[in-house]
Amino acid sequence: MDLENQKRVKEFAEEYGPENVVVILGAAEGEGAGLAAETVTNGDPTFAGPLTGVQLGLSVYHICEEEIKAEVDPAIYEEQVGMMEMVLDVDDISSEMKDIREQYCKY
Amino acid sequence: MSILNGKKVVIIGDRDGVPGPAIADCVKTAGGEPVFSATECFV
Amino acid sequence: MLNAVIKATGYVLAHTPDMVMENGTTQTTEKVVNPNSEYLKQLPSHLRTYEQAVAYLPNQTYIGNMTPDELGEYEQPWYPHTAAKSERFGKFGEIMPEDEFYLLMQACDVFELVYLEENFVAATIEKFKAHPLMREDIIARINSGVSAETVEHFVNEEGAEPLAMNGKTVGYIKRAHDVDGNLSAHVMLENLVSKASNVLAILHLIKNAGIDPADVDYVIDCAEEACGDMNQRGGGNFAKAAAEIAGLSGASGSDVRAFCAAPAHAVIEAASLVKAGTYRNVVVCAGGCTAKLGMNGKDHVKKDMPILEDVIGGFAVLISENDGINPEIDNTVCGRHTVGTGSSPQAVITSLVANPLDKNGLKIPDIDKYAVEMQNPDITKPAGAGDVPAANYKMIAALAVKRGELERKDVATFGNTHGMVGWAPTQGHIPSGVPYLGFAREQLLAGDIEKAMIIGKGSLFLGRMTNLFDGVSFVVRKNSGKHEETAVSDDKIRKMIAEAFRGFAQDMLAEQE
């Protein structure tokens, strides 16, 4: 994850309390989604950014996951994300995300 | 239990996946408050 | 007014493995935040030799020795394969080795900023002289070099940027000002690399076009660098600077900047300038960027792959008056992402693909080939960024399904029939639609296809000035056969009508009298 974005995630977790922050991803692939999710839960796996070794354990989902889709206004979801559901490998992304949440998510 | 309602939402979109502003529009309808929205670019 | 045509193209790469270490931002950032990292230790053993980079299938495709379809027949990943035709030169351009590229950088430097060690120059100059496109006046710009001590002094004491060859420093780029950050050695290096790779692309273009360099009227540079001093950071005109070295004595020029979308913007502008009759021959061109070298290197090293982002890219396209032969740029079919379009992927694709087709009564499957961002999946897939062209084809196909123009079952194969695999290096603006123009021109000339759409997309938000996305598209089609002679007869018709009206008016006047 971009270093500046890592810095902002860390700041928001400190400002609002990690239990009040949810991270939503839009990554194009399961692997990329998993890496970003790991970064905001268990720390930056590439050891490059401000989240290196920082285990925020934030609640993190991909916008294409069923849990999130269920909460969003269906018309808006269709307009903003509908087409990408056809393009992205939603099953792969969902399974990567679930995996990371089970391992590292604290909230 | 709701995931997004009443939460501060940090959005990390992807230029080749779903971009930040598109996610933000969705999150708002679920009662989440986007506090940050970025779009990453790997190319 | 007749549509402008694509008269010729030029595509070049420069293999610069040492610049991966010295100038790629992934590596320079790592040196700041994690100077003793495993990645930095392991990286050198993952760099490719020149021969390996030349034999790499996507690179051979870029310079025209293989077609995208031939590349698509190879099983991915491509890096373990060796191209059947593994040559430095191809019909579109070449892959220049690092040592010669440093000499070309010096030839492109008009402010005494590039210095090379004397033994290095002596060892390289004959190769450089033998280059088929290096004219006497370009070769004469290379000087005999400085001592190794001078190189060491400037790199260690004067903030110069080193130029290395196989890890050994063989030269440097001096800062152009002691205080002004916009003229720092780092910025000068980025800009000179961009300029040199651009010049190389223009030289190949002129050869491929077979025209007198003096016949080029205007040059539009669409790279992603900025040049200027502290009082005008983006002052610009890389275009004219490159035109000078390339010998385009009759040209003026200017720069177009729009992130990765800039080449598509620039082609539309050039085609419009030619169609309007403002200029006859316009070159759209760009050099590459050092910053993106090794951008996804961490993932490549982690997966025990070679560093595939080890080349600087460049391209040049000649857009000319309609000759009745070459493919036309149809600027009645231009898509654009507007301020109000929004950022959702379907809104983006609708604005770039569906809207311009609708205006012209065309359907998505009516376009034979779409050139999207032709990034090489060998580079992006291991980095978790997916196959960018394939994802774009799925988006176009998904939109066609929503519009009832395609069966849902055909979404997965749409890319095979109406698209291509990606072959361009991840150099930002370089992959953005334009790498296909060379092949598109050939396929349209041969009658293999009728229409191609070129799509450029840009991530404007990276500049922190707007959250907006951007993109434009245009269609290239087979020449309709109407050319200058038709224009002359159009003129004749106009004259005849004018004469008839004059006669009619005179009769009326006579009647009134």
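So, β3 and β5 in chain C: they run antiparallel, and 3 bridges join them, with β5 covering residues 168-173. If you want one pair to look at, find C:Y115, which sits opposite C:Y172 of β5(C). Before I go on, please remember that this is a predicted model.

Now zoom out a little. Those two strands belong to an open sheet of 3 strands in chain C, ordered β3-β5-β4, and the pairing is antiparallel. Why do β3 and β4 each have one side without a neighbour in the sheet? They stand at the edges, β3 at 114-116 and β4 at 161-165, and each has a single partner strand, so nothing in the sheet pairs with the other side. From one strand to the next, the twist averages 35 degrees.

Let's stay in chain C and pick out a proline. C:P97 sits in the loop that links β2 (93-96) to α7 (98-108). Is C:P97 buried or exposed? Its relative accessibility is 8%, and the cut-off for buried is under 20%, so C:P97 counts as buried. Leaving out residues up to four places away in sequence, C:P97 touches C:H15, C:Y50, C:R88 and C:K127. For a sense of distance, C:P97 and C:L116 are 19 residues apart in sequence, and their C-alpha atoms are 16 Å apart in space.

Next stop, a serine in another loop. C:S432 lies between α18 (411-418) and α19 of chain C. With a relative accessible area of 0%, C:S432 is buried. What does C:S432 touch, once residues up to four places away in sequence are set aside? The list is C:C260, C:A261, C:V372, C:E373, C:I455, C:G456 and C:K457.

Then have a look at α19 itself, residues 437-446 of chain C. Its buried residues are C:L437, C:G438, C:F439, C:A440, C:Q443 and C:L444. Here's a handy bit of background: an α-helix has 3.6 residues a turn, so residues three or four places apart point the same way. Just after α19(C) comes C:G447, with a positive phi of about 80 degrees.

OK, on to the other sheet, and this one has strands from two chains. It's open, with 4 strands in the order β2(A)-β1(A)-β1(B)-β2(B), and the pairing is parallel. At the edges you find β2 (59-62) of chain A and β2 (33-40) of chain B, each pairing on one side only. Ignoring direction, neighbouring strands here are turned by 20 degrees against each other on average.

How many bridges join β1 of chain A to β1 of chain B? There are 5, between residues 21-25 of chain A and residues 8-14 of chain B, and the two strands run parallel. One place to look is A:I24, whose bridge partner in β1(B) is B:I11.

Two helices lie across this sheet's strands. Helix α1 of chain A, residues 3-16, lies across β1 of chain A plus β1 and β2 of chain B, at about 170 degrees to β2(B). Helix α1 of chain B, residues 20-29, lies across β1 of chain A plus β1 and β2 of chain B too, at about 160 degrees to β2(B).

Last up, chain B as a whole. Its elements run β-α-β from the N terminus, which comes to 1 helix and 2 strands. Chain B has 43 residues, and 60% of them count as buried. Its C-alpha atoms fill a box of roughly 35 × 15 × 15 Å along the principal axes. As for charge, chain B carries 4 positive and 5 negative side chains, with the centres of the two sets 8 Å apart.

Note on methods
Residues numbered from 1 in each chain as written. Chains lettered and ligands numbered in written order. Predicted model: local features only at pLDDT ≥ 70, side-chain atom pairs only at ≥ 80, totals over all residues. Heavy atoms only, no water. Buried < 20%, exposed > 50% of the residue type's maximum accessible area, 1.4 Å probe, protein only. Lys, Arg positive; Asp, Glu negative; His and termini not counted. Charge placed at Lys NZ, Arg CZ, Asp CG, Glu CD. Pairing = 2+ DSSP bridges. Axes fitted to C-alpha atoms, helices over the stretch in contact; angles between N-to-C directions. Contact = heavy atoms within 4.5 Å.
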